[in-house]
Amino acid sequence: MSVAQIGIVVSIVVYLAGMLVVGFLASRKTNDVGDFYLGGRKLGPLVTAMSAEASDMSSYLLMGVPGLAYFSGIADAGWTAIGLAVGTYLNWLFTAKRLRNYTEKIDAITLPEYFKKRFKDKSNITLLIGAIAIIVFFVPYTASGFSACGKLFAQLFGVNYQLAMIVSAIIIVGYTTTGGFLAASTTDFIQAIVMSIALVIVLFYGVYHAGGMGSVIENAQNLQGFLNMSATHNNVTNGADPYGIFNKITMFCWGLGYFGMPHILLRFMAINDPKKLTLSRRVASVWVVVSLGVATFLGVVGRAMTETGALPSLLDLSDLTSASKAETLIVVLADHISQNGFGYALIAGLIIAGILASTMSTADSQLIAASSAVSENIIQDVFKIKMSDTAAMLTARVTLLVVGILGVVIAWDPSSSVFNIVSFAWAGFGAVFGPAMIMSLFWKRTNVYGCIAGMLSGGIMVFIWKYAVRPLGGAWNLYELAPAFLVALIFIIVVSLVTPAPNEKIQSTFDEVKAM
């Protein structure tokens, strides 16, 4: 093993050990199931903000966004970033405080449980639909995180992919199983900081080795369409392709998904004081805008390094229409830094830890959500299997372990595509939970029948649009979240209006929460 690799390994081992220590410390504050799944509603405003955004971004922030910008310019990455930033802000502004107050009022600690108690659904249909949706979309989502870690270590050190993936999964499952939600949220807070540091280091390093800011801009301007929000650079023709309104809508609509993301909504539910959500919103919004902006510009810097000869080309010469190789930009830059000596190798290790942080911060939150869906919502609520607090805690941890094992099984094939799974899962959550969440919080006339219709129609439309409509191309080539979200909203409104209104107690609870 080279000196550079030793330095990287030292930084990574210190980082991973730190995450396990945090999990152990959090376990000492985890006394019951409410603590395990919601941290006892003890999160401070900064941890709430940063853990929510860290759990959201995953490896997309450090690998996907820079790779996309490196490959075709700022349009794709830029419109996605705008959509995510707007969605983040609106979700914090409209959803956070009311959801926090509502879930405390009705004593709900999971998202499916919120819908059940919000509408007093004695049939448990809303709870079952929500729990199944979480399992269907989160288990493969978690697998994508394990896979990303495995590929990262396999590429850096030439180790066996499956071995690297299993070790990564053990670390993530280990600290999450030990400390539950509090461990996941605390580590996510730390991981958000590590991700930010990694972005800043590689950005300044890249600008310097590209010849300065002037050289970066000049090289980008020489690539047609590269700095244009209405065009993309074509690597085959070296020309510019138009980036039309449907492309912009498709990428911008990623922001709609926030209203239905269980691992983000849980952070809203867990803050210790709803009045502090204003501070959380500001911190989260600023971090998202800055980090996505830096990640996008990093792709521009990386391309300038290639154009000036400071970095090998990250284009797949056998397929110039594929962006997958470009997504290794930050890994290649970290390796580039590590070649300058042991001290630089330690810094490179911190950057790699940032990539791990972005992946782990999402995977741990997904494990918590999937575990709660099975142990709390299905086993105890649907099948009515009552357990003591000790048995419930054991069930929660065993369930989380099983979900982790399923994730490893799904991620076993190193050639499997994870980004399509992430995109599809994001649409699924956004369509199943998003419209139902918005209407349940802001429209008193919403009833259980409308909620069920909205959740089912949204989920079904994601599949229909993805596999039957979108392949038609042209104007139909729209990200499935947008039409599915709209269909779910229509179903909620129409079905709620043609069926009996909620009873007086449900409506009075709504009014009480609204006045809080």
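The legends below describe close-up views of a predicted model.

**View 1. Helix H6, with its bend at Phe138.** Helix H6 covers residues 125–157, 33 residues in total. From its first C-alpha to its last, H6 reaches 48 Å, close to the 48 Å expected at 1.5 Å a residue. The helix bends by about 30° at Phe138. A proline, Pro140, follows Phe138 within four residues. H6 is mostly covered, with 24 of its 33 residues buried. Gly158 follows the helix and has a positive phi, near 70°.

**View 2. The second largest pocket, with a volume of about 270 Å³.** Helix H1 (3–27), H6 and helix H7 (161–209) are the elements that give two or more residues to the lining of this pocket. The lining includes Val9, Ile12, Val13 and Leu16. Phe153 and Phe157 are also among the lining residues, as are Val159 and Asn160. Leu163, Ala164, Val167 and Ser168 complete the list. By class, 10 residues of the lining are nonpolar and two are polar, and there are no charged residues.

**View 3. Ser280 in helix H11 and its contact with Pro45.** Ser280 lies in helix H11, which spans residues 277–307. Ser280 has a relative accessible area of 0% and is therefore buried. A polar atom of the Ser280 side chain lies 2.8 Å from the backbone oxygen of Pro45.

**View 4. Thr110 in the loop between helix H4 and helix H5.** The loop that holds Thr110 joins helix H4 (74–106) and helix H5 (111–118). Thr110 counts as buried because its relative accessibility is 2%, under the 20% cut-off. The side chain of Thr110 reaches the backbone nitrogen of Glu113 at 3.2 Å.

**View 5. Lys120 in the loop between H5 and H6.** Lys120 is not a glycine, but its phi is positive, at about 50°. The relative accessible area of Lys120 is 41%, so the residue is partly exposed.

**View 6. Asn234 and Asn238 in the loop between strand E1 and strand E2.** Strand E1 covers residues 231–233 and strand E2 covers residues 240–242. Asn234 lies in the loop between E1 and E2, and the place of Asn238 is in the loop between these strands. Asn238 is a residue other than glycine with a positive phi, near 60°. Asn234 has a relative accessible area of 16% and is therefore buried, the cut-off being 20%. The C-alpha atom of Asn234 is separated by 9.3 Å from that of Gly73. Along the chain, Asn234 and Gly73 are 161 residues apart.

**View 7. Helix H17, residues 481–498, with its buried residues.** H17 has 18 residues. The helix reaches 26 Å from its first C-alpha to its last, close to the 26 Å expected at 1.5 Å a residue. The buried residues of H17 include Leu481, Ala482, Pro483, Ala484 and Phe485. Ala488, Ile492, Val495 and Ser496 are the other buried residues of the helix.

Key: Residues numbered from 1 in each chain as written. Predicted model: local features only at pLDDT ≥ 70, side-chain atom pairs only at ≥ 80, totals over all residues. Heavy atoms only, no water. Expected span 1.5 Å × (residues − 1). Bend = angle between axes of the 7 residues up to and from the residue. Buried < 20%, exposed > 50% of the residue type's maximum accessible area, 1.4 Å probe, protein only. 1 Å grid on protein atoms, 1.4 Å probe; cavity = no way out; pocket = protein on both sides within 12 Å on 5 of 7 lines; lining within 4 Å. Points joined across faces, edges and corners; volume = space filled by probe spheres on them. Nonpolar A, V, L, I, M, F, W, Y, C, P; charged D, E, K, R; others polar. Polar contact = N/O pair within 3.5 Å; in protein donor to acceptor, adjacent residues only side chain to side chain.
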